[in-house]
Amino acid sequence: MSKIAFQDCYIQSLSHCYGCGKNNPEGHQLKSYWLDNYEGSKTIAHFTPKPYHTAIPGFVYGGLLASLIDCHGTGSAAAVVHYKNNLTIGSDPTIRFVTAALNINYLAPTPIDKQLELVGEFSQVKDNKVIVDITLSTNNVICVKGEVVAVKMPATFK
Ligand SMILES: CCCCCCCCCCCCCC(=O)SCCNC(=O)CCNC(=O)[C@H](O)C(C)(C)COP(=O)(O)OP(=O)(O)OC[C@H]1O[C@@H](n2cnc3c(N)ncnc32)[C@H](O)[C@@H]1OP(=O)(O)O
C-alpha cells in the first residue's frame, strides 16, 4: 500500500468533501491508496463505521456505504488519470473528478462492528471520464457493489 492517500494530495481548496476531505473534521475522511502490487489498476480503502452509522441495529446505513463508494471512486479516478499521464497527484494544474453517476447494489447486510474494505478496479479510463467498479466487503464477504462514473471536474466548480 502506498503511504500517502490520494485524498491527502488534493490541494487545500478541494479538501473539504464530506466523504473524503482532510479539511472536513465532521466528515468521513476516507483514505484511498493503490493496492499493493496493483499500482495503476486496483485501489483500496478501509473504513470502520461508528455505532451511529446504524440502519437496523447491528447493520450499517446504506447511504453511508454509497458515500464511501462514491469517494473511493472519485479518488481512484483522479489517481488513475495521473498515473496514466505520468503525473504526480497534487501537481499543478489540479485534475479532480466528480461523480456523474453512481449505481449501488446492496447484496448482503453490512455488519456495523467490522472494518469495511473497498477495492476499486477500472472498466474505462479516459482523461475526461473514468468508470470504477467497487466492491465493499467485510471478512471477505462482499456486501455491496458499486459503479462510479467519474467525470473530470469542470472549471465552473472552482
Ligand atoms: C461539490 C463538488 C466538489 C468538487 C470537489 C472535487 C474534489 C473532491 C473530490 C470528491 C468528490 C466526491 C464526489 C462528489 O460528491 S462530487 C459532487 C456530486 N457531483 C456533482 O455535483 C456533479 C454535477 N454534474 C456535473 O457537474 C456535470 O453533469 C458533469 C461534470 C458530471 C458532466 O458534465 P458534462 O455532461 O458537461 O460533461 P461532458 O459533456 O464534458 O462529458 C464528459 C463525459 O462524461 C459523460 N457523462 C456525463 N454525465 C454522465 C452521466 N451522468 N453518466 C454517464 N456518463 C456521463 C459524457 O457522456 C462524456 O463521456 P464521453 O462522451 O467522453 O465518453
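How many helices and strands does the chain have? There is one helix, together with six strands. Before we look around, please keep in mind that this is a predicted model.

**The overall picture**

Following the chain along its sequence, you meet the elements in the order β-β-α-β-β-β-β. The radius of gyration is 15 Å, close to the 15 Å that the globule rule gives for 158 residues, so the chain is as compact as a globular protein of that length. If you draw a box along the principal axes, the C-alpha atoms fill roughly 45 × 30 × 30 Å.

Of the 158 residues in the chain, 44% are buried. The outside of the chain amounts to about 8,200 Å² of exposed area, and carbon and sulfur atoms supply 53% of that area. Charges can be summarised too: the chain has 13 positive and 12 negative ones, and their mean positions are 3 Å apart.

How the chain folds back on itself shows up in its contacts. Among contacts with a separation of 6 or more, 62% are between residues 24 or more positions apart.

**The annotated stretch**

UniProt, in an unreviewed entry, lists residues 58–137 as "domain: Thioesterase". In the model this span is 29% helix and 36% strand. Its end C-alpha atoms lie 16 Å apart.

**A walk along helix α1**

Helix α1 covers residues 62–84, and A66 is a good place to stop on it, as this residue sits in the helix. Is A66 buried or exposed? With a relative accessible area of 15%, A66 is buried, since the cut-off for that class is under 20%. Leaving aside residues up to four places away in sequence, A66 touches L102, I104 and Y106. Strand β3 spans residues 97–106, so by these numbers the three partners of A66 belong to that strand. To get a feeling for distance here, compare A66 with V81: they are 15 residues apart along the chain, and their C-alpha atoms are separated by 23 Å.

**Ahead of the helix: H53**

In the loop between β2 (42–47) and α1 you will find H53. At 11% relative accessibility, H53 counts as buried. Which residues does H53 touch, not counting those up to four places away in sequence? They are H28, F47, F59, V60, Y61, L64 and I112.

**Strand β6 and its partners**

Two residues of strand β6 are worth a visit, K145 and V141. K145 is partly exposed, with a relative accessible area of 42%. Beyond residues up to four places away in sequence, K145 touches I69, N103, I104, N105, L107, I134 and T135. I104 therefore turns up as a contact both of K145 and of A66. V141 also counts as partly exposed, at 44% relative accessibility.

Both residues can be paired with L107. The C-alpha atoms of K145 and L107 are separated by 7.4 Å, although their places lie 38 residues apart along the chain. V141 and L107 are 34 residues apart in sequence, and 9.8 Å apart in space, C-alpha to C-alpha.

The pairs met so far are set side by side here.

| Pair | Apart along the chain | C-alpha separation |
|---|---|---|
| A66 and V81 | 15 residues | 23 Å |
| K145 and L107 | 38 residues | 7.4 Å |
| V141 and L107 | 34 residues | 9.8 Å |

**Backbone details to look for**

What kind of peptide bond joins D92 and P93? It is a cis bond, with omega about 0°. P93 is placed in the loop between α1 (62–84) and β3 (97–106).

Two other residues have a positive phi without being glycine. One of them is Q29, with phi of about 50°. Q29 is placed in the segment before β1 (32–34), and at 27% relative accessibility it counts as partly exposed. The other is N140, where phi is near 65°. N140 is found in the loop between β5 (129–138) and β6 (141–152). N140 is exposed, with a relative accessible area of 76%, and the cut-off for that class is over 50%.

Technical notes. Residues are numbered from 1 along each chain as its sequence is written. This is a predicted model: local features need pLDDT of at least 70, side-chain atom pairs count only at pLDDT 80 or more; totals for chains, interfaces and linings use all residues. Side-chain values use heavy atoms; hydrogens and water are left out. UniProt positions are given in the numbering used here, feature names are shortened, and annotations may be inferred rather than shown by experiment. Helices (H or I, at least four residues) and strands (E, at least two) are DSSP runs, numbered from the N terminus. Buried means under 20% relative accessible area, exposed over 50%, partly exposed in between (1.4 Å probe, protein chains only). Contact means heavy atoms within 4.5 Å. The radius of gyration is taken over C-alpha atoms; the globule rule is 2.2 Å times the number of residues to the power 0.38. Accessible areas come from the Shrake-Rupley method with a 1.4 Å probe; for residues, only the protein chains shown count as cover. Lys and Arg count as positive and Asp and Glu as negative; His and the chain ends are not counted. The place of a charge is taken as NZ of Lys, CZ of Arg, CG of Asp or CD of Glu.
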